[in-house]
Structure formats: structure tokens, C-alpha cells
Amino acid sequence: MTSREAISPASKVLLGLAAVAISFAAADTYVVVLALPDMMTSTGLDLDDLQRAAPIVSGFLLGYVGVLPLIGRISDLRGRVPVLLGSLVVFAVGSLVTAAAYNLESIVLGRLIQGIGGGGLIPPTLALVADLWPPQRRGLPLGVVGAVQELGSVLGPLYGAVVLAFGDWRLIFWLNCAIGLVLAAAMLPSLHVSDVREGAATASPAKRRFDLIGTGLAVLTLVGVTVVMLEPDRLTQGVTSGLAFLPVTGDSRWLTPLALTTYGLLGLFLLRQATARRPLVGWRQWPALARETDISGALLLTTVLGAIILTFASAEPESGAISDHAPWLIPLAVVAFAGFAVRQRRAPRPLIPRGALAATPAWGALVVSFFVGAALIAALVDIPFFARLTVDRDSQLDAALVLVRFLVALPIGAVIGGWLLHRVPASVLTCVAMLMSAVAFWHMSTWDAHSLDHPVETLSLVLGGLGFGLAIAPVNAVLLAHTADAVHGVASALLIVARMVGMLLGISALTTIGLRAFYRASDTIPPAADLCNGKATLCQAYKDAVRDAGIAQLHAVFIGAAVCALTAAVLALLVFRDNRETATR
């Protein structure tokens, strides 16, 4: 298809559905910001036990990132739409498990499943853009995908607040489940389309017959799991229905007659899928798919990513750089990565096909994405930290709105960057975008205790957000333009992984730098007795001195983020080629 050919309506509808799905999955990353206290209380945790509740957040992140390369590779081999559908179903199931959860472990399990489904939506969507749009016209759709992904950081807390105004935290996840299934149903017709571009054959040879029996068994199994987890009072307290909730042995709810019946339904579903001529799940294709995807290599890489996530995501950004479990997690990551490297060299069909990232712009996009993530995390974590430190305690809403100015500019920049991409070379556009963010961070490093009181500081926040947004489409476009069609899924997954790892390592390194600056500033503070003239209570002078030490810490972080953004700008200028240049297939 040439650059002048029209994109079919079916392509646009499919991309629109995928974009809506990504926006909900991205919003789910942030939706627990408001719901977390209620979720903790429902599992018996006090609000002081925040560290014990950290797996609710890190579990989602682990699922979101850990299996991305595997999902990306499956989308290359199995197709984009089947993986999108499967990811939506997994996301819906994870939402159902979370909504029906009855303890911390079941919530974490649900969030992990949600993360797998939510993260699995992005690589096939980016690859879908490359499949359906020519290189010269990918900018705007890539910008739209990037925009809806970043919009989740704005919509997530807002969505959670609206739902919590009408119900409890479980309603959020019940709605997620329903929305995921509705989107999957809307996308289902696209499963039988072989090529949705205009001028190509639009119908597959034959539509598969829908497995009604298998679908019914699957629905009954999910209903059984939900009822076992919820144990509704109306049923458990009934004279007859309550017998179904009495454990056969022990005291576990998973040993009740209802649970045993659910196991039987699951067995019947698996038997149906193994014997049906046209099963709901194509089990017979899985052995061949497993041989093509290198499961061993995928497990090793998942172990590496999981260890990295648990090392850095469970740390307290304001007090430490890494988790207390780092002494065994980091060696585990090193050993697993060494095993993955050996597997990549020896496997007949490695997870990342050999030569997939041979072109300089392709691996350069991964490196640039890493430094973009390292800089971006400083804005997401430390701008609110600075606001809480300097804004009056009676105006915490104003402190929260400080980051919103940055976040709103980010998706706007993503769309503008996509529109500019076919007019400006990717190298120049990315360089200018990251220079904008570097300048914004440099200016933030000059903020004092009263800077945020001035409306003009909105300009620096908007400048930084626009810079990060402008860089999304060109980085994605360069990667897709310089990798083969057959590896677009796994390449897109690696791009997301590079950014997330950059965010995790970036917050660790920048926090370490910031804490050193804080300790140096703290050493110069006179004793409280000297500043407060021996008063029993701390005077304002001492409080201001401690606040200034915290500001010095954040200044160091912002300077480090500016260096990361500047590094990304220079690398983009050096390793990216003109985005209008098409790589050799």
C-alpha cells in the first residue's frame, strides 16, 4: 500500500477499539491511588501498614512488564487481533478476581492478572499500526496510541474518584470487567478479517463456528469462582444454600461443595476444548506456538524483569533507592540474564529473533526510550513531592494539581508529535522534544519554596509535559521502520520494557543522588535549640531549614533528570535516521 492510499474504515475502527482498551488499562495503573486505603481496610490491614500493601501496586506492574516480550512474540506468530482479544479477556478475568477478592493474596493475584492483560494490549496495537499504515503515515496513529496510554495517568484517579462517589472500591473492578468484555465483543468481528486495508481481500475463507457449550462452561466456572470468593451473606446464611459453603474438610472456602463443583466445571471446560472440533480456545495450536516462542527464554527474561521490578518498585522513593530484598533479588536477576543470553545464542528459535534489532536506529530507539523513562519518572514522583513540601498544608489539593498541569500536556504533545512526524525527521523531532524537557527540569532545579505560588511556573510544567509527549511517536516510528514486519510485536514490547526499566533504575539512581544532597544540606542545619532559642517546640526557622534541605534534595534530582533528558536528545540525533527512510525488509 502506498502512502497515498486511503486507510480503510475497518482499520480505523479496530485501532480505535484498541486505543480505548489501552486507555482503560492505563487508567487501571493509577486507579488504586484513591482506592488503596479502602482495599487495605477490607483485607484487615491498617493504614499504617502501607508497606505490606505494596504488592497491590507492584503486582500489577510485575504482570504489566514481566511477560511483555512473550506476548509481543506471540502477536508476531499468532496475529495481532487474537492477542488483543486474549489480553482483553485476561484483563477482564483479573478485574473479576480483584473485585471478588477476600484477602490480600487474592487482591494481589487479581492485580497480577490484570497487569498481564493490560500490558499485553500495547505491543500488538503498535504492531497493528505498522501492519495497516505505511511508514510515511504512521505518525498520527502512533501519537494517538501514545496519547491514550499517557492519558491514563490523568483519567485513572478521576475515574476512581467518580466511581467511589457512588460505590465502594469493588465497583471499580466490576466496571473494568464489564468494559473489558464489551470491548472484546466489539473487537470479535475483526478476528475473521485477514486484511482490513482497502483494496485487499476482506473476508477470511470461513468463519469459525462459535463454541456455545465451551462458552457456557467457561461462564459457569467464572461465576462459581466469583461466588466462592465473595461468599454473599444472602446465600451463606440460607438454611439450604448455606450447606454449599460449608467446607468438606478443614476451614478453607476452596474445599466447600460449591468450590468442588466449580473444579468439576473447569474440568468439563478443559475436556470440551480438548475434544471439540472447533473449540473456544485453539489448544491444538499451542504446542507449535510454544516451539516457536522459546518458552524457556521467555521464563528467564520474565525472571530478570520480575527481580528488577521487585527490587526497585517496592522501595520507598522518599527514603530509599532499593528494596530490602535486593541482596538476593539482584543476584537472581544477573544469573537469569546470563541464562537468557546463553539461550538467545543457542536456541534454534530464540525469543528475540536473531538480527531483529541489528539496525542502529532500532537498538538506538531502545536506548533512547530507556533514558526517556529515567527522566520521566523524576517528574511523576518528585514534582508532587516538591509540591507537598512547599504548598501550605491546608492546600493539598493545589499540590495535587501541580502534576496535573504536566500530565495534561503529555498526551497533547503525543498527538502533536504524531502529526509533525511526517513533516520533521524523527531525529530532529525527538532531539528538540527532549531538549524541551531538559530545559524544563533545569528550570525546576531553580525553584524555591515560593516558586509554585506564581502562575508562570505552569509554563515550565507544560513545557516538560509537551516535550515527553512529542517524543513518543518518533521513537516508536523509528523502531517500527527499522525492524522487519515479522518482529514488530516483540520489538514494540522491548521498547516498552526499556522505558519501564529506565523508570525503575532512574528513580533508584536519582533518589540516591537526591538523598546525598539532602544529607549534605542537613549537616549544615544548626541544632534546633540554637535556632529556636531553647524552646521546647520546634520553631518556624528550624522547620524552614529542614524544608530547604528537602528542596536541595529535589534540585539534585531535577538536575539528574535534565541530564537523562539531554542524553536522550543527543542519542536521538546521533542514531536515528530520517523517519521517512524505510528499512530493508
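What percentage of the 585 residues of the protein count as buried? The figure is 50%. The model shown here is predicted.

**View 1. The whole chain is built with helices and no strands.** The protein has 22 helices and 0 strands. Contacts often link distant parts of the sequence: among those with a separation of 6 or more, 78% join residues 24 or more positions apart. About 26400 Å² of the protein is exposed. Carbon and sulfur atoms supply 67% of that area.

**View 2. The largest nonpolar core holds 120 residues.** Ile383, Phe406, Phe441 and Phe468 touch the most other members. Helix α16, residues 360–390, gives the most to this core, with 15 residues. In soluble globular proteins, nonpolar side chains tend to be buried together.

**View 3. Isoleucine 383 and its contacts.** Set aside the neighbours within four places in sequence. Isoleucine 383 then touches Ala378, Val402, Leu403, Phe406, Met444, Leu461 and Phe558. One of these partners, Phe406, is also among the core members that touch the most others.

**View 4. A second core stands separate.** This core has 21 residues. Met40, Leu45, Ala53 and Met229 are among them.

**View 5. A nonpolar patch lies on the surface.** Leu151, Leu155, Leu158, Val162 and Phe166 form the patch. Together they have about 480 Å² of accessible area. Leucine 155 sits in helix α8, which spans residues 139–164. Is leucine 155 buried or partly exposed? Its relative accessibility is 34%, so leucine 155 counts as partly exposed. Buried would require under 20%, and exposed over 50%.

Terms used:
Residues are numbered from 1 along each chain as its sequence is written. This is a predicted model: local features need pLDDT of at least 70, side-chain atom pairs count only at pLDDT 80 or more; totals for chains, interfaces and linings use all residues. Side-chain values use heavy atoms; hydrogens and water are left out. Helices (H or I, at least four residues) and strands (E, at least two) are DSSP runs, numbered from the N terminus. Buried means under 20% relative accessible area, exposed over 50%, partly exposed in between (1.4 Å probe, protein chains only). Contact means heavy atoms within 4.5 Å. Accessible areas come from the Shrake-Rupley method with a 1.4 Å probe; for residues, only the protein chains shown count as cover. A nonpolar core is a set of buried Ala, Val, Leu, Ile, Met, Phe, Trp, Tyr and Cys residues joined through side-chain atoms within 4.5 Å. Patches are made of residues with over 30% relative accessible area and no salt bridge: like charges are joined within 9 Å, nonpolar side chains (Val, Leu, Ile, Met, Phe, Trp, Tyr) within 5 Å. A salt bridge is a side-chain nitrogen of Lys or Arg within 4 Å of a carboxyl oxygen of Asp or Glu.
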